[in-house]
Amino acid sequence: MLKVARAYVRVVDSFNRRLGKVVMWGLFVMAGILLWSSVSKTFFSPSLWTLEVAQFAMVAYYVLGGPYSIQLGSNVRMDLFYADWSLKKKAWFDAFTVLLLLFYLGVLLYGALNSFAYSLGHFTQEPFSFYRDLVVAFVTGGPDAANEVMGFVERSPTAWRPYVWPVKLIMIIGFFLMLLQVFAEFLKDIARIKGETI
């Protein structure tokens, strides 16, 4: 089992580290978008898209950078007592709190899946049957059949009116990667409790 855990942690850590280092550049993307917004408002006619694209970029930056932040241990933590504890005691405490975080991220992932289904025109509270029907329609009938399964595709209620499903898809990916990373951290804590390292 330890070999499987090591391989899992290595793959998840490596993927999230690489993704996190790419996503870090998103800060400059957001700054560029907001700079263009200021320039266009001052010298040209204001761009309709800048505020929403900056918001979408912020969501991607925050949600896709979350797994790397968890890996680095740079998430917010109450260090009043924690800082003075031994590594083994920290591992026990972290292993317990990680279980709560896994539950919380699972709820967030389910909410993101539900919200994504809503953005594709599915208005009930059961997104998995919609995804099943969508995949079956796509496989058996192609894009046209899948389009018939989808309802009214949600758009932002602003003047620019972009589709909102891409940002909701990013949320699903980010929450899923955070779940994988948190489980990897749980495996690291269990190994520390046993006196081993992964």
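Contact here means heavy atoms within 4.5 Å. The structure is a predicted model, in which local features need pLDDT of at least 70 and side-chain atom pairs count only at pLDDT 80 or more, while totals for chains, interfaces and linings use all residues. Residues are numbered from 1 along each chain as its sequence is written, and side-chain values use heavy atoms, with hydrogens and water left out.

A good place to start is Ile 172. Leaving aside residues up to four places away in sequence, Ile 172 touches Leu 109, Ala 112, Leu 113, Phe 116 and Tyr 131. Ile 172 also belongs to the largest nonpolar core (a set of buried Ala, Val, Leu, Ile, Met, Phe, Trp, Tyr and Cys residues joined through side-chain atoms within 4.5 Å), where buried means under 20% relative accessible area, exposed over 50% and partly exposed in between, with a 1.4 Å probe and protein chains only. This core has 24 residues, and those that touch the most other members are Leu 109, Phe 130, Tyr 131, Ile 172, Phe 175, Met 178 and Val 182. Two or more residues each come from helix 3 (50–72), helix 5 (87–119), helix 6 (127–149) and helix 7 (165–193); helices (H or I, at least four residues) are DSSP runs numbered from the N terminus. Helix 5 is the leading contributor, giving 10 residues to this core. Another core, of 5 residues, lies apart from it and includes Val 9, Val 12, Ala 184 and Leu 187.

Helix 5 also passes a simple check of length. The expected span is 1.5 Å times one less than the number of residues; the 33 residues of helix 5 should therefore span 48 Å, and the 45 Å between its end C-alpha atoms agrees. Just after helix 5, Gly 121 takes a positive phi of about 100 degrees.

Turning to charged pairs, a salt bridge is a side-chain nitrogen of Lys or Arg within 4 Å of a carboxyl oxygen of Asp or Glu, and by this rule the count comes to 5. Asp 13 and Lys 188 form one of them, with their closest N and O atoms 2.8 Å apart. This pair links distant parts of the chain, as Asp 13 is in helix 1 (residues 2–23) and Lys 188 in helix 7, 175 residues apart. Both Asp 13 and Lys 188 are buried.

Glu 154 and Lys 168 meet in a further salt bridge (2.9 Å, N to O). Glu 154 lies in the loop between helix 6 and helix 7 and Lys 168 in helix 7, so the pair ties together parts 14 residues apart in sequence. Glu 154 is partly exposed at 21% relative accessible area, whereas Lys 168 counts as buried at 14%.
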